[in-house]
Amino acid sequence: MERQERADAARNRRAILRAAEELLRRHPPDQVSVERVAVAAGVGKGTVFHRFGSRTGLMRELMSERARELDKAVAEGPPPLGPGAPPVERLVAFLGAVAELAARNGNLVAAHEHAVATSRSEPRETNPIYAGWHRHVTALITEGRPDVDADEIAHLLLGSLHMEPIASRLRAGDSARLARSFAALAEGLLGRPAP
C-alpha cells in the first residue's frame, strides 16, 4: 500500500509541475494561482499545498528544476562554464547562461520572483537558487579580484536580473543584450580573457 501512495505522490508532483509550467507559458504570472494549477493538474488545492507548502514553494521547485541543469554544468561541465577556465571566462559564461535561462523561462522567473517578494518568510538572499548563484559569482570575483567587495558586486550583478527594464526584456526572450552587457562588466572588473 505504501508503494502505491509513493507512486501517486510522484505522479501528482509531476502533474502539478507540468500544469504550473504550462499555465505560465500561456498566462501572466499573476494569473497562475494555486487553485488554477490544481484544477489543471487534476488534483485538489490541498494536494498542491501539502506537496509544496505554498505558491512560493511551488514556484521555487519549478525554478529549481530549471536551475539544476545550470548548477550541474557549473560543477561538472566543460570550461568555461565548468571548472578549468580563468575566473573572467567562467563569470562571463555563467552570467550569460543565467540570462539565457531567465529568457527561456521568463514567466516562471517572474512568478518565482513575485512569490519570493510577497513571501513574508523568505528574503531573496536566502532563496536557495539565488544563494547558490551568489556564492558562485562571489567566488569567481574573489578569485579574480581579491581586492574588491566580491559579495556586494555579486549582489549588484544578480540583482540586475530583477530590475523591471531587464526583466521585461528577459520575459520577451531577449538574453543576448544582457549577456553582452554582463560580459562587458565582468571583463571590466576582472580583465579581458587571454586570446
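## A buried pair of rings

In this predicted model, Phe94 and Trp133 are both buried. Their rings belong together: the structure holds one aromatic pair, and Phe94 and Trp133 form it in an edge-to-face arrangement. A pair of aromatic rings is described by the distance of the centres and the angle of the planes. Here the centres are 6.2 Å apart, with 80° between the planes. The angle counts as edge-to-face because it is over 60 degrees.

Where in the chain do the two partners, Phe94 and Trp133, come from? Phe94 sits in helix α5, while Trp133 sits in helix α7, which covers residues 128-144. The two are 39 residues apart, and their pairing links distant parts of the chain.

## Phe94 and the nonpolar core

Take a look at what surrounds Phe94. Leaving out residues up to four places away in sequence, Phe94 touches Leu70, Val74, Leu81, Trp133, His136 and Val137. Several of these names come back when we turn to the largest nonpolar core, which has 53 residues. Leu58, Leu70, Phe94, Trp133 and Val137 are the members that touch the most other members of that core. Which helix gives the most residues to this core? The answer is α5, with ten.

## Helix α5 up close

Since α5 carries Phe94, this helix deserves a closer look. Is α5 enclosed or open? Of its 18 residues, 13 are buried, so α5 is largely enclosed by the rest of the structure.

You can also check the length of α5 with simple arithmetic. The helix runs over residues 87-104, and at 1.5 Å a residue its 18 residues should span 26 Å. The expected span is found by multiplying 1.5 Å by one less than the number of residues. In the model, the C-alpha atoms at the two ends of α5 are 25 Å apart, which agrees with the expectation.

## Phe52 and a charge over its ring

Another ring to find in the structure is that of Phe52, which lies in helix α3. Phe52 counts as buried because its relative accessibility is 12%, and buried means under 20%. Arg51 lies over the face of this ring, at 5.7 Å from the ring centre.

Not counting residues up to four places away in sequence, Phe52 touches Arg13, Ile16, Leu17, Gly57, Leu58 and Glu61. Leu58 is one of the core residues with the most contacts to other members. For a sense of distance, try Phe52 and Pro86: they are 34 residues apart along the chain, and their C-alpha atoms are separated by 39 Å.

## Salt bridges between helices

How many salt bridges are there? The count comes to 13. One of them joins the side chains of Arg13 and Glu65, at 3.3 Å from N to O. Arg13 is in helix α1 (residues 2-26) and Glu65 is in helix α4 (residues 55-76), 52 residues apart. Arg13 counts as buried because its relative accessibility is 19%, whereas Glu65, at 27%, counts as partly exposed.

The side chains of Glu21 and Arg66 also meet in a salt bridge, with 2.0 Å from N to O. This pair links helix α1, home of Glu21, with helix α4, home of Arg66, across 45 residues of chain. Glu21 is partly exposed, with a relative accessible area of 23%. Both of these bridges belong to a network that links Arg13, Glu21, Glu22, Arg25, Arg26, Glu61, Glu65, Arg66 and Arg68.

A further salt bridge brings together the side chains of Lys45 and Glu35, at 3.3 Å from N to O. Lys45 lies in helix α3 (residues 45-52) and Glu35 in helix α2 (residues 34-41), ten residues apart. Lys45 is partly exposed, with a relative accessible area of 40%, and Glu35 counts as partly exposed at 40% as well.

## The whole chain

Now step back to the complete model. The protein chain has ten helices and zero strands. Its C-alpha atoms fill a box of roughly 60 × 35 × 30 Å, taken along the principal axes.

What share of the 195 residues counts as buried? It is 45%. Contacts across the chain can be described too: among those between residues at least 6 apart in sequence, 62% join residues at least 24 apart. The Phe94 and Trp133 pair, with its partners 39 residues apart, shows one such link between distant parts of the chain.

Conventions. Residues are numbered from 1 along each chain as its sequence is written. This is a predicted model: local features need pLDDT of at least 70, side-chain atom pairs count only at pLDDT 80 or more; totals for chains, interfaces and linings use all residues. Side-chain values use heavy atoms; hydrogens and water are left out. Helices (H or I, at least four residues) and strands (E, at least two) are DSSP runs, numbered from the N terminus. Buried means under 20% relative accessible area, exposed over 50%, partly exposed in between (1.4 Å probe, protein chains only). A nonpolar core is a set of buried Ala, Val, Leu, Ile, Met, Phe, Trp, Tyr and Cys residues joined through side-chain atoms within 4.5 Å. Contact means heavy atoms within 4.5 Å. Rings of Phe, Tyr and Trp (its six-membered ring) pair if their centres lie within 6.5 Å; planes under 30 degrees apart count as stacked, over 60 as edge-to-face and the rest as tilted. A charge sits over a ring if NZ of Lys or CZ of Arg is within 6 Å of the ring centre and within 35 degrees of the ring normal. A salt bridge is a side-chain nitrogen of Lys or Arg within 4 Å of a carboxyl oxygen of Asp or Glu.
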